[in-house]
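Colleague: I am new to this structure and would like a close look at a single part of it. Please take the strands and explain the terms as you go.

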Amino acid sequence: MNLGPLISAQRRDRVEVLVQSAIEEGAEVVCGAKRPDGFVKGFYDEPTVLVGTNEMRIAQKEIFDPVMTVIPYSGVDRDTVRIANDSVYVVVAASTSRAF
């Protein structure tokens, strides 16, 4: 995978603060959550996948950075709808109980 740097040090720092807050709120880090080795120039962060709850600060923000929060659910459609509706932003809500 080729992934470019974030736009600025401030943006990278913001992502790191949000990821750290998710970890402190109990998120499990599946991958990423750190700066990659080998880059002297640029503002790189590894693509990050977190598993947590919809109550986490990071799950309630549209951050548009290389971070994805996975929120497990019971498999009942109304649980999926409840989680999706429990956010100011509903960007993606997918049910894995069906084939798309």
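Modeller: What follows is a walk through the strands, centred on one of them.

This is a predicted model, in which local features need pLDDT of at least 70 and side-chain atom pairs count only at pLDDT 80 or more, while totals for chains, interfaces and linings use all residues. Residues are numbered from 1 along each chain as its sequence is written, and side-chain values use heavy atoms, with hydrogens and water left out.

Strand β2 covers residues 48-51. Strands (E, at least two residues) are DSSP runs, numbered from the N terminus, as are helices (H or I, at least four residues). The covered face of β2 holds T48 and L50, and V49 and V51 make up its uncovered face.

Strand β2 pairs with β1 (residues 28-31) in the antiparallel sense, over three bridges. Two strands pair if DSSP finds at least two bridges between them. On this side, V51 of β2 stands opposite E28. Strand β2 is also joined to β3 (residues 67-70), here by four bridges, and these two strands run parallel. The bridge partner of V49 in β3 is M68. Both V49 and V51, the residues named in these bridges, thus belong to the uncovered face of β2.

One more element can be set beside the strands: helix α2 (residues 77-85). Its buried residues (buried means under 20% relative accessible area, exposed over 50%, partly exposed in between, with a 1.4 Å probe and protein chains only) are D79, T80, I83 and A84. The face of α2 turned away from this buried side carries the exposed residues R78 and N85.
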